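Trainee: I would like to take a close look at a single part of this protein, and I would be glad if you could walk me through that part slowly and then place it within the whole chain.

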Amino acid sequence: MRDVCLFMGFLFSLFTYWQFNDLDQYHTEKWYLWVGVYALCAVISIVSFFRPLPMSVYIAMALAALTAAVVRVQGVEWSKGVLYNPDNPSGNETGGLLVVVVWMILMAWLRRAPVSK
């Protein structure tokens, strides 16, 4: 599991880096929020590589991302392309938030599971 945490920390770091193009590519005015979300996930994942965090950290992050995903999915224009559409970034944003939700729930579940030595 530790190796997966390191991999996900690297992956969320890449997501953070890629968010810097949103202002130009998708005209997302609040691109810095996505940078913050992905950077926080990268930090949580990398810290979890070294030591498990309290389960409340993972659950709080999952709930926050799920709430944001529910809000963002309401902005999806389903008649247009949902993913990779510069005029409709809500689909990409909702998908990214769902990745965060799944990862944080997995981290919380594995945190609760007994560790074999």
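Mentor: Let us begin with one pair of side chains, keeping in mind that this is a predicted model: the side chain of E93 makes a polar contact with the side chain of W34, at 3.5 Å. E93 has its place in helix α5, and because its relative accessibility is 7%, under the 20% that marks the limit for a buried residue, E93 counts as buried. Its partner W34 is also buried, and W34 belongs to helix α3, so the part that deserves our close look is helix α3, which covers residues 31-50.

Helix α3 has 20 residues, and at 1.5 Å a residue these should span 28 Å; the C-alpha atoms at the two ends are 30 Å apart, which agrees with that expectation. Along α3, the buried residues are W34, V35, Y38, C41, A42, I44, S45, S48 and F49, and these buried residues pack against three other helices, namely α1 (2-19), α4 and α5 (90-112). The contact between E93 and W34 can be read alongside this packing, since the side chains of these two residues make a polar contact and α5 is one of the helices against which the buried residues of α3 pack.

W31 also lies in helix α3, but its setting is not that of W34: because its relative accessibility is 23%, W31 counts as partly exposed. The C-alpha atom of W31 is separated by 6.6 Å from that of Q19, although the two residues are twelve residues apart along the chain.

Another of the packing partners, helix α4 (residues 55-73), leads us to the surface, for α4 supplies the largest share of a nonpolar patch, four residues. The patch is made by I59, L63, L66, V70 and L98, and its area is about 410 Å². L66 lies in α4, and with a relative accessibility of 37% it counts as partly exposed.

Finally, we can set helix α3 in the whole chain, which contains five helices and zero strands. Of its 117 residues, 34% count as buried, while the chain exposes about 7,500 Å², of which carbon and sulfur atoms supply 69%. Among contacts with a separation of 6 or more, 63% are made by residues 24 or more positions apart.

Definitions and conventions. Residues are numbered from 1 along each chain as its sequence is written. This is a predicted model: local features need pLDDT of at least 70, side-chain atom pairs count only at pLDDT 80 or more; totals for chains, interfaces and linings use all residues. Side-chain values use heavy atoms; hydrogens and water are left out. Patches are made of residues with over 30% relative accessible area and no salt bridge: like charges are joined within 9 Å, nonpolar side chains (Val, Leu, Ile, Met, Phe, Trp, Tyr) within 5 Å. Accessible areas come from the Shrake-Rupley method with a 1.4 Å probe; for residues, only the protein chains shown count as cover. A salt bridge is a side-chain nitrogen of Lys or Arg within 4 Å of a carboxyl oxygen of Asp or Glu. Buried means under 20% relative accessible area, exposed over 50%, partly exposed in between (1.4 Å probe, protein chains only). The expected span of a helix is 1.5 Å times one less than its number of residues. Contact means heavy atoms within 4.5 Å. A polar contact is a pair of N or O atoms within 3.5 Å; within protein, one must be able to donate a hydrogen and the other to accept it, and residues adjacent in sequence count only if both atoms are side-chain atoms.
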